[in-house]
Amino acid sequence: MNSLETLRERGVGGYVHDHPWQFAILIGVVGAALAVSNGVNPFPAFVGMFLVGAVLGLGYSYVMDFLSGRLSWENAEQSASAEDVDPEAALHTLRERYADGELSDAEFETKIQRLLETETVGSAREYASRRDTDLEREEA
């Protein structure tokens, strides 16, 4: 997406986030234009305003990336730690798969046993880590 499309679709904040260097150049040009209109040398004004724009643009971009990453990490952590796994729904799914012939008798019984052993997310993680450790020992 080019800079004008970004500006139209996501506004100034999206533009600054996606194109911080263009934002810095734009601020520098505005500073140079103001310097020329006041009869001052435009080069130092451009450089000064460019540096201000670069600090603002890059700072805004990094802060927004940090905040969005932190929020998505917190949301993922909350959803992973939620204890809202419905064992009844899992049992129902197993029964349907067994009835449809997707699972043999032995597979069905093994999966039900695992379901009963892992009623919560925490116990499921513990079970998976134990299973991975046991598999690594068997391979060695």
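This report walks through the helices, core, ring pairs and surface of one protein chain. The model is predicted.

**The overall layout**

Start with the big picture: the chain has 6 helices and 0 strands. Read from the N terminus on, the elements go α-α-α-α-α-α. There are 140 residues in the chain, and 19% of them count as buried. About 10200 Å² of the chain is exposed, with 59% of that area supplied by carbon and sulfur atoms. If you take the contacts with a separation of 6 or more, 40% of them involve residues 24 or more positions apart.

**The core between α4 and α5**

Which residues make up the largest nonpolar core? It has 6 residues, namely L91, L94, L103, F108, I112 and L115. Helix α4, which covers 87-99, and helix α5, which covers 105-117, each supply at least two residues of this core. The largest share comes from α5, with 3 residues.

L94 is a handy place to look around. Leaving out residues up to four places away in sequence, L94 touches L103, F108, K111, I112 and L115. K111 is in that list of contacts, though the core itself is made of L91, L94, L103, F108, I112 and L115.

Now follow α5 to L115, which is found in that helix. L115 has a relative accessible area of 16%, so it falls under the 20% limit and counts as buried. Its C-alpha atom is separated by 7.7 Å from that of L91, although the two residues are 24 residues apart along the chain. Another residue of α5 is E107, which is partly exposed, with a relative accessible area of 38%. From E107 to L94 the C-alpha to C-alpha distance is 9.9 Å, with their positions 13 residues apart in sequence.

**Rings that pair up**

A pair of aromatic rings is described by the distance of the centres and the angle of the planes. In this model the count comes to 3 aromatic pairs. W21 and F50 form a stacked one, 6.3 Å centre to centre and with 25° between the planes. Why does this pair tie together separate parts of the chain? W21 lies in helix α2 (residues 20-37) and F50 in helix α3 (residues 42-81), so the link joins parts that are 29 residues apart in sequence.

How covered are these two rings' residues? W21 is partly exposed at 48% relative accessibility, and F50 is partly exposed too, at 23%. The rings of Y98 and F108 are also stacked, because their centres are 4.4 Å apart and their planes meet at 25°. Y98 sits in helix α4 and F108 in helix α5, so here the pair ties together parts that are 10 residues apart in sequence. Y98 is partly exposed at 34% relative accessibility, while F108 is buried, with a relative accessible area of 14%. F108 is also one of the residues of the largest nonpolar core.

Here are the two stacked pairs side by side:

| Pair | Centre to centre | Angle between planes |
|---|---|---|
| W21 and F50 | 6.3 Å | 25° |
| Y98 and F108 | 4.4 Å | 25° |

Ring pairs also link W21, F46 and F50 into a cluster.

**More about F50**

F50 has its place in helix α3. Which residues does F50 touch, not counting residues up to four places away in sequence? They are W21, A24, I25 and G28. Q22 is 28 residues from F50 along the chain, and the C-alpha atoms of the two are separated by 9.7 Å.

**On the surface**

Next, the outside. Y60, V63, M64, F66 and L67 make a nonpolar surface patch of about 440 Å². One of these, M64, is in helix α3, and M64 is partly exposed, with a relative accessible area of 33%.

Side chains of opposite charge can pair when their charged atoms come close. How many salt bridges does the structure hold? The answer is 1. The side chains of R97 and E102 meet in a salt bridge, with 3.2 Å from N to O. R97 has a relative accessible area of 30%, which makes it partly exposed.

Key
Residues numbered from 1 in each chain as written. Predicted model: local features only at pLDDT ≥ 70, side-chain atom pairs only at ≥ 80, totals over all residues. Heavy atoms only, no water. Helix = DSSP H or I, 4+ residues; strand = E, 2+ residues; numbered from the N terminus. Buried < 20%, exposed > 50% of the residue type's maximum accessible area, 1.4 Å probe, protein only. Contact = heavy atoms within 4.5 Å. Areas by Shrake-Rupley, 256 points an atom, 1.4 Å probe, with all protein chains shown as cover. Core = buried A, V, L, I, M, F, W, Y, C linked by side-chain atoms within 4.5 Å. Phe/Tyr/Trp six-rings, centres within 6.5 Å; stacked < 30°, edge-to-face > 60°. Patch = residues over 30% accessible without salt bridge, like charges linked within 9 Å, V, L, I, M, F, W, Y side chains within 5 Å. Salt bridge = Lys/Arg side-chain N within 4 Å of Asp/Glu carboxyl O.
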